[in-house]
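This briefing walks through two parts of a predicted model. Please keep the sequence and the structure in view while reading.

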Amino acid sequence: GCVETSVKEKNVNLRIALLAKDKLEEKGFRVLLTREKDAYLAKEDRAEFANQMGADAFISIHQNNFEDAEIYGLETWFDGTDKKRESGRLAQLVHEQTLQSTGAWEREMHGDADFHVTSNTKMPSCLIETGFLSNEEERGKLTDPSYQEKIAEGIVQGIDLFFHPKTMYLTFDDGPSEECTDMVLNILRERNVKATFFLIGEYVEKYPEVAKRIAAEGHTIGIHCYRHDYGVLYKDVDSYLEDFQKAYDVIEETTGVKARLFRFPGGSVNAYNKPVCKDIIKEMTGRGYIYFDWNASLEDAAGAKSTKEILANAKATAMGRDKVVMLAHDRVYNTALCLNQLLDQFPEYKMEVLSPEVEPVKFVLK
């Protein structure tokens, strides 16, 4: 590695690696080091060692060096050509968590790494450059044991989240639509992600092939309503039940799904249904149906929102919870347009579908 003044990269790396090893073992991980002392091991041998041992992840720790001593910051590299290894998700988690732990300046995450250890390992792999030894101020931090502790903590937290992700239930209301739902489904299929769609009956009648595709591709189908008319829907209990049954029949006839899950238009408690919501909930749950509200939202149906606003809303409202039910709408073009970015910004979450076995998120009835 590089050498600046009397500081050697190999020594800083080893100290960070040993700290990370201890922290990971405290969490129950088995950790293998390519070296435990000042001994050289060729890059080819490092990759081969990881492959022979059947490692589940490979993290290469480094410090950077550059002729311009003003350059500083943390960057992470991975081989983005092999999507199956999930190296990108590992790199993103290690990158983000180390930045959060250290407060370091963020440089880029690079998906075009051509390093031997990132390209020739068979498991998810990344290489983190924790800072620049060529920058005097950053070199001082990198040699500080307390800062090394922060780096190790960030790396460990990223690894832990990679193997023990939080859970997000991505849900789409108000579909299907002719254009946007297909765009959403294409992205979900490419990324092997399943979601939950709360459908509107009249749109199922209008776009039956799209509704059939939702079911055929393994997504959960729930009922939203037949017609999204708050005045009629929440007139009284009977009016709601009539609309619900009509939606149920259309969805079953079109997709073959006997939906047990449903979502109230506007949520279980809203300005339109306050006088009748408790009675509707009592009747519906008595019939064996399960409703889901949400605890995070893209807020994409609340007027024209840019993709930037949609992504910011999702991040802000998720609030890092362990369990997130995210509200989105598959009739909104910008939502479909930024869905890939949305999925990318939640690497710490595993996307799951709602089911009757999932504990529902419900608004509080007052």
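**Two helices in contact, and one with a buried side**

In this predicted model, helix 1 contributes Val12, Arg15, Ile16, Leu19, Ala20, Lys23 and Leu24 to a contact with helix 6, where they meet Gln148, Glu149, Ile151, Ala152, Glu153, Ile155, Val156 and Ile159. Sorted by character, the residues of this contact comprise 10 nonpolar, 1 polar and 4 charged.

**Geometry of helix 1 and helix 6**

- Two packed helices are described by the angle between their axes and by the distance between those axes.
- Helix 1 spans residues 9–26 and helix 6 spans residues 145–163, and their axes come within 8 Å of each other while crossing at roughly 50°.
- Because of that crossing angle, helix 1 counts as oblique to helix 6.
- The crossing in which helix 1 passes helix 6 is right-handed.

**The two sides of helix 7**

- In helix 7, which runs over residues 180–190, the buried residues include Cys180, Thr181, Val184, Leu185, Ile187 and Leu188.
- These residues lie on the same side of helix 7 because they cover an arc of only 165° around the axis.
- Arg189 and Glu190, by contrast, are exposed on the other side of helix 7.

**Surroundings of helix 7**

- The buried residues of helix 7 are covered by elements that include strand 7 (166–175) and strand 8 (196–200), together with helix 9 (208–216), helix 14 (333–337) and helix 15 (339–344).
- Just after helix 7 ends, Asn192 adopts a positive phi of about 55°.

Methods: Residues numbered from 1 in each chain as written. Predicted model: local features only at pLDDT ≥ 70, side-chain atom pairs only at ≥ 80, totals over all residues. Heavy atoms only, no water. Axes fitted to C-alpha atoms, helices over the stretch in contact; angles between N-to-C directions. Helix = DSSP H or I, 4+ residues; strand = E, 2+ residues; numbered from the N terminus. Parallel < 35°, antiparallel > 145°, perpendicular 65-115°, else oblique. Left-handed = near helix turned anticlockwise from the far one by under 90°. Contact = heavy atoms within 4.5 Å. Nonpolar A, V, L, I, M, F, W, Y, C, P; charged D, E, K, R; others polar. Buried < 20%, exposed > 50% of the residue type's maximum accessible area, 1.4 Å probe, protein only. Arc of directions from axis to C-beta.
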